[in-house]
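Hi there,

Here is the structure I promised to pass on. Please have a look, and my notes follow underneath.

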Amino acid sequence: MPSVAIAGAGLVGALNACFFAQKGWDVSVYEFRKDIRTMKHVQGRSINLALSQRGKSALEAVGLREYIVNQGVPLYARLVHNKDGKTFSRQPYGKPGEHIVSINRRHLNEVMITQAEKSPNVKFFFEHKVKSVDYEKKQLVVQCTSQPSRIPTFGTRAASQDHAEIHVEADLILACDGAYSAVRRSLMTIPRFDFSQDYIEHGYVELNIMANNNKFAFEENVFHLWPRGHFTLIALANRDKTFTVTIFAPFSEFEKHMSTTEDVLSFFEENFPDAFRLLGKEHITETFNRVKPQPLVSIKCSPHSFFDNLVLMGDAAHAMVPFYGQGMNCGFEDCLVFSETLEEHDNDIASAVRAYSEKRVNDAHTINDLAMYNYEELKDLVNRNSYKLRKKFDTI
Ligand code: FAD
């Protein structure tokens, strides 16, 4: 069977491992972090994510759709909270019954790793940092950050092992190592490789609303939104009856209005009075003392495929701002599209790798642009009458 080496065991790397486990390939996955299933706290981005049809279809192909969807909270509409803290407007996502699903990121990632690992042909190497790709030799350069490394085992062949640095060969290399991809970085000098990176002026901070007597503090089956012009607050329910609440605002706004305890409390009280009451002064103060606003980056590149055996996928290929809720969903679709492309090409790796990029780059750029557009919409346009009017006549 052919071998595939995957950089990164995040959402897209873990799903790719499930796809190739199913195909019976020899799969090795190199992940910088420890095994998240053994960790108490996992640092990283958003606690929960909105899973949409795009992502569900990919999960379906590896038999995980039903299980994952049942572990989430369905969201049927946006609920826009007005500034008085008492009135709302409801914007359904689609026809009755159509919904997206709020999913816990860590749980989703763990389920996919465990699912892939059920196949004896799949091995995860945690605490293995991909440093670069040696594209002349078609090898991943991996550094083991815990001793001793368990490489080589099977499938991928360790071409040489120098101290903790290992050169891994595989028939196919999939770079799923996120927005700051080490694999992509080592491709930067390749002629005609286009790359662009934009940090938007907004950052984000995550907070929590606790369960109220073991009940949801707000209506759970909607996406809560407090659009306030150039900043916005959102909240998504979790299965444990808490809400993950995220404020998106320009860094200048964080500095100007949220840098002292007094300021941040009056900012929340004035702009999001109903959320303010449920978040509580203590929690807001503690969070803003502990965490700094995180940046948001949008990345486009082209092509996504190289040397007949290397593909960039997920955020490594197309990190996008989170306002369209499509970063992970689009990454999941990458896995599905590549799997189907391999089948269409009778598992001929070189021709599938070439065809994939041709198919995928424009779609990825388009979703990236839509995400940027929705950034405008969520923070402001949903409040405008023209939008409300348009939404009334939308079928979706
Ligand atoms: P990542 O999730 O970043 O995973 C990359 C993995 O590679 C990690 O495990 C990392 O440790 C590992 N890694 C990194 N470097 C190396 C290295 N050198 N060697 C080995 N391993 C390495 N998307 C949605 O679809 N819906 C949403 O609702 C949504 N909400 C979001 C909210 C926020 C605030 C943010 C910031 C993003 C959101 N996204 C959402 C986007 C989503 O988080 C990403 O698109 C998704 O995580 C991409 O998955 P990935 O596997 O490509 O990258």
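A term to start with: pLDDT is the predictor's confidence in each residue, from 0 to 100. This is a predicted model, in which local features need pLDDT of at least 70 and side-chain atom pairs count only at 80 or more, while totals for chains, interfaces and linings use all residues. Residues are numbered from 1 along each chain as its sequence is written, and side-chain values use heavy atoms, with hydrogens and water left out.

The protein has a mean pLDDT of 91, with 90% of its residues at 70 or more. Over residues 389–396 pLDDT stays under 50, and the model has eight contacts (heavy atoms within 4.5 Å) beyond four places in sequence for them. Where pLDDT is low, the predicted coordinates should not be read in detail.

Now the interior. The largest nonpolar core (buried Ala, Val, Leu, Ile, Met, Phe, Trp, Tyr and Cys residues joined through side-chain atoms within 4.5 Å; buried means under 20% relative accessible area, with a 1.4 Å probe and protein chains only) has 49 residues. Leu15 and Phe332 are among those with the most contacts inside it. Helix H1 (residues 11–23; helices are DSSP runs of H or I, at least four residues, numbered from the N terminus) gives the most to this core, nine residues. Beyond its neighbours within four places in sequence, Leu15 touches Ala58, Leu59, Val62, Met112, Phe332 and Cys335.

H1 also packs against helix H11 (residues 327–344), at an angle of about 25°. The two are therefore roughly parallel (under 35 degrees between N-to-C directions).

Best wishes

Key:
Buried means under 20% relative accessible area, exposed over 50%, partly exposed in between (1.4 Å probe, protein chains only). Helices (H or I, at least four residues) and strands (E, at least two) are DSSP runs, numbered from the N terminus. Axes are lines fitted to C-alpha atoms, for helices over the stretch in contact, and angles run from 0 to 180 degrees between N-to-C directions. Angles under 35 degrees count as roughly parallel, over 145 as roughly antiparallel, 65 to 115 as roughly perpendicular and the rest as oblique.
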